[in-house]
Amino acid sequence: MRNNLLLILLVFSITCSFAQSKERRDKIKSLKVAFLTERLELSAKEAQQFWPVYNDYENKRDALRKKERTQIRSKIRDAANLTEKEAANLLTQYLSFEEEEEELDKSFLKDISKVISAKKTLLLLRSEEEFKRQLIKQYRHNKGGGGRPR
């Protein structure tokens, strides 16, 4: 009975952890949408065209990074135990993912610059970096100070 209770508590805590991380991701995404919308000063017409292209790009990029994590990053952690041939193959695979990500970025920039001006496209790149910096700064502040996310 005690083991069952411990198992139930463990499953519950893991479930809560996953739910919280999904909530955090959703909150971050909402904050990013608001941040980019404000920074880019998108007109209604631009926003209507911009967000489907941007969201498609984000989804493809997330899928590519997830694939990279599962196929490469996990194996890199165990690099000391790989043969030279396995390491060379893994390196080739890593470079292939890097090239695929670069192609995705190029394609996105071409597509998005058809929707918003070149100037706003550059502002988008800068704004994404600013958002990341603010997110990291907030994370460090909350982690170090023990405060709650704002």
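## Core, surface patch and the surroundings of Q71

At 28% relative accessibility, Q71 is classed as partly exposed, because the value falls between the 20% and 50% limits of that class. The structure is a predicted model. Q71 belongs to helix α2, which spans residues 44-76. Leaving aside residues up to four places away in sequence, Q71 touches L90, Q93 and F97. With one of these, Q93, the contact is polar: the two side chains are joined at 3.4 Å. L90 is 19 residues from Q71 in sequence, and the C-alpha atoms of the pair are 8.9 Å apart in space.

Two residues with a stated accessibility are set side by side below.

| Residue | Helix | Relative accessible area | Class |
|---|---|---|---|
| Q71 | α2 (residues 44-76) | 28% | partly exposed |
| L122 | α4 (residues 118-145) | 58% | exposed |

L122 counts as exposed because its relative accessible area of 58% is over 50%. Together with L109 and L125, L122 makes a nonpolar surface patch of about 250 Å².

The interior is described by its largest nonpolar core, which has 15 residues; F50, Y54 and L124 have the most contacts inside it. Helices α1 (2-40), α2, α3 (84-112) and α4 each give two or more residues to this core. The greatest share comes from α2, with 4 residues.

Which residues does Y54 touch, not counting those up to four places away in sequence? The contacts of Y54 are K32, L36, F108, I112, L124 and E128. Among them, L124 is also one of the core residues with the most contacts inside the core.

Definitions and conventions. Residues are numbered from 1 along each chain as its sequence is written. This is a predicted model: local features need pLDDT of at least 70, side-chain atom pairs count only at pLDDT 80 or more; totals for chains, interfaces and linings use all residues. Side-chain values use heavy atoms; hydrogens and water are left out. Buried means under 20% relative accessible area, exposed over 50%, partly exposed in between (1.4 Å probe, protein chains only). Contact means heavy atoms within 4.5 Å. A polar contact is a pair of N or O atoms within 3.5 Å; within protein, one must be able to donate a hydrogen and the other to accept it, and residues adjacent in sequence count only if both atoms are side-chain atoms. Patches are made of residues with over 30% relative accessible area and no salt bridge: like charges are joined within 9 Å, nonpolar side chains (Val, Leu, Ile, Met, Phe, Trp, Tyr) within 5 Å. Accessible areas come from the Shrake-Rupley method with a 1.4 Å probe; for residues, only the protein chains shown count as cover. A salt bridge is a side-chain nitrogen of Lys or Arg within 4 Å of a carboxyl oxygen of Asp or Glu. A nonpolar core is a set of buried Ala, Val, Leu, Ile, Met, Phe, Trp, Tyr and Cys residues joined through side-chain atoms within 4.5 Å.
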